Amino acid sequence: MSDEAGAARASIRRHVVVGCAIVLFLAVGLGGWAATAEIAGALIAQGSLVVDSNVKKVQHLSGGVVGEVRAHDGDHVKAGDILVRLDETVTRANLAIITKGLTELYARKARLGAERDGAASVPVPKQLADKTNDPDVQEALASERKLFELRRKARLGQKDQLQQRIRQLEEQIGGLTAQQAAKAKELDIIAQELQGVRDLWSKNLVQINRLTS
């Protein structure tokens, strides 16, 4: 019985040692894993999946020719960053055309105002006062001033013609007035002669045809 009891105690010790070793291994392994592992918290929310290669199209409102691209695929941009710069050639050409048209209109307005007010020359409009050295402004003002002089000379020539016509008509009126006076005087003479012929006819000194004539 003593041998069986000793064997039982030895088996129990072995199982206890093995059990303690297993518990120690689990404790050390789980503790180390817990110390080093990162566990992220989970949140429940609605969302949508987008393919990473989906490209967002950016389009200018009025369109144009692209002159420079400053952003490329994969670049991180923020609000206010310049992504694309349009070519300025067409825009600047259109601006030059519009600016020149406005300059010509301002110069024409000044010329028409000078003609209306009877001025001696075309003044520089206030819209172009600070651009007198601009070749387009100088050209527009020179053109309108030349036209102003031509129209002024034409008006002066027309005025001289009208004045000459007035003098001719006055002379014609003078001539017609003189003719009227001469005709009145002639009528007086004829009336006197008619009276004399009537007196002679009443005395039977002339024939009737003399009286009627």
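Buried means under 20% relative accessible area, exposed means over 50%, and partly exposed lies in between, with a 1.4 Å probe and protein chains only. The model is predicted, so local features need pLDDT of at least 70 and side-chain atom pairs count only at pLDDT 80 or more, while totals for chains, interfaces and linings use all residues. Residues are numbered from 1 along each chain as its sequence is written, and side-chain values use heavy atoms, leaving out hydrogens and water.

**Exercise 1. Get your bearings**

Task: Find how many helices and strands the protein has, and in what order the elements run.

Solution:
- Step 1. Helices (H or I, at least four residues) and strands (E, at least two) are DSSP runs, numbered from the N terminus.
- Step 2. By that rule there are 4 helices and 2 strands, and from the N terminus the order reads α-β-β-α-α-α.
- Step 3. Next, look at the surface: of the protein's 213 residues, 8% are buried. The accessible surface (Shrake-Rupley method, 1.4 Å probe; for residues, only the protein chains shown count as cover) is about 18,700 Å², and carbon and sulfur atoms hold 59% of that.
- Step 4. Finally, take contacts, meaning heavy atoms within 4.5 Å. Of those between residues at least 6 apart in sequence, 34% join residues at least 24 apart.

**Exercise 2. Place a loop residue**

Task: Work out where Ala71 sits and which residues it touches.

Solution:
- Step 1. Ala71 belongs to the loop that runs between strand E1 (66-69) and strand E2 (84-86).
- Step 2. Its relative accessible area is 24%, so Ala71 is partly exposed.
- Step 3. Not counting residues up to four places away in sequence, Ala71 touches Val77 and Leu83.
- Step 4. For a distance check, compare C-alpha atoms: Ala71 and Ile82 are 7.8 Å apart in space and 11 residues apart in sequence.

**Exercise 3. Assemble the nonpolar core**

Task: Name the residues of the largest nonpolar core and the helix that gives the most to this core.

Solution:
- Step 1. A nonpolar core is a set of buried Ala, Val, Leu, Ile, Met, Phe, Trp, Tyr and Cys residues joined through side-chain atoms within 4.5 Å.
- Step 2. The largest one has 5 residues, namely Ala107, Leu128, Val137, Ala140 and Leu141. Helix H3 (residues 135-202) gives the most to this core, with 3 residues.
- Step 3. Follow Leu141 outward: leaving out residues up to four places away in sequence, Leu141 touches Ala107, Val124 and Pro125.
- Step 4. Thr103, in helix H2, has 7% relative accessibility and therefore counts as buried. Beyond its neighbours within four places in sequence, Thr103 is in contact with Leu128, Asp136, Val137 and Ala140.
- Step 5. As background, nonpolar side chains tend to be buried together in soluble globular proteins.

**Exercise 4. Trace a salt-bridge network**

Task: Starting from Glu115, find which residues are linked in a network of salt bridges.

Solution:
- Step 1. A salt bridge is a side-chain nitrogen of Lys or Arg within 4 Å of a carboxyl oxygen of Asp or Glu; the structure holds 8 of them.
- Step 2. Glu115 lies in helix H2 (residues 89-117) and is buried, because its relative accessible area is 16%.
- Step 3. Glu115 forms a salt bridge with Arg111, with the closest N and O atoms 3.5 Å apart. Both lie in helix H2, 4 residues apart, about one turn of the helix.
- Step 4. Arg111 also meets Glu144 in a salt bridge of 2.8 Å, N to O. Glu144 lies in helix H3 and Arg111 in helix H2, so this pair ties together parts 33 residues apart in sequence. Both Glu144 and Arg111 are buried.
- Step 5. Arg111, Glu115, Glu144 and Arg151 make up the network.

**Exercise 5. Look at the surface**

Task: Decide whether Glu88 and Arg92 are buried, partly exposed or exposed, then find which residues make a nonpolar surface patch.

Solution:
- Step 1. Glu88 has a relative accessible area of 38%, so Glu88 is partly exposed; Arg92, at 55%, counts as exposed.
- Step 2. These two form a salt bridge, the closest N and O atoms of Glu88 and Arg92 being 3.0 Å apart.
- Step 3. Patches are made of residues with over 30% relative accessible area and no salt bridge; like charges are joined within 9 Å, and nonpolar side chains (Val, Leu, Ile, Met, Phe, Trp, Tyr) within 5 Å.
- Step 4. Val18, Ile22, Phe25, Leu26 and Leu30 make a nonpolar surface patch of about 540 Å².
- Step 5. One of these, Phe25, is found in helix H1 (residues 2-36) and is exposed, with a relative accessible area of 63%.
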